[in-house]
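Colleague: Please put the model up, and let us go through some of its residues by question and answer.

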Amino acid sequence: MGVGSPVGFCAGANSRRAGDRVLLATTIELMQGVIKAYDPTTGEGIVVRDLDRVEYLLAADALEGSIFRMLRQGQRVVFDLDDDGHARRLRTGAEVDMGLPRSG
């Protein structure tokens with residue numbers, strides 16, 4: 001299973017039995033990043049993940065259900081990846097929400 005995959009049923013090193021089913025113990029990774037570029041006309045854009053500076057294209061529906069109507073360069077976001085590896089489900093990404101140390 002990849003990052004952001006839903007909890008499933010699978011036997012493995014990180015699983016435990018619950019009756020006749022094997023429950024997979026997974027950790028959902030919170031992806032955080034910064035908007036590198038965004039074109040409001042086309043909806044195309046790039047987000048750079050903080051962890052490893054990998055760039056991800058925005059999915060066509062990246063802003064659906066989001067408070068965002070527009071993105072600006074340098075804006076902090078939290079996101080998931082879809083099956084194609086595109087950033088989706090963008091949410092606000094304030095430093096306090098991400099557990100980063102405060103400056104000052």
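Colleague: Leaving aside its neighbours within four places in sequence, which residues is Val47 in contact with?

Modeller: This is a predicted model, in which local features need pLDDT of at least 70 and side-chain atom pairs count only at pLDDT 80 or more, while totals for chains, interfaces and linings use all residues. Residues are numbered from 1 along each chain as its sequence is written, and side-chain values use heavy atoms, with hydrogens and water left out. Taking contact as heavy atoms within 4.5 Å, the partners of Val47 beyond that window are Gly33, Val34, Ile35, Lys36, Val54, Glu55, Tyr56, Leu58, Val77, Phe79 and Ala87.

Colleague: Does Val47 count as buried or exposed?

Modeller: Buried means under 20% relative accessible area and exposed over 50%, with partly exposed in between (1.4 Å probe, protein chains only). Because its relative accessibility is 1%, Val47 counts as buried.

Colleague: How many residues does the largest nonpolar core have?

Modeller: A nonpolar core is a set of buried Ala, Val, Leu, Ile, Met, Phe, Trp, Tyr and Cys residues joined through side-chain atoms within 4.5 Å. Val47, Leu58, Leu71, Phe79 and Leu90 have the most contacts inside the largest one, whose residues number 15.

Colleague: With which side chain does the side chain of Arg49 make a polar contact?

Modeller: Arg49 is itself buried, with a relative accessible area of 9%. A polar contact is a pair of N or O atoms within 3.5 Å; within protein, one must be able to donate a hydrogen and the other to accept it, and residues adjacent in sequence count only if both atoms are side-chain atoms. At 2.6 Å, the partner of the Arg49 side chain is the side chain of Asp52.
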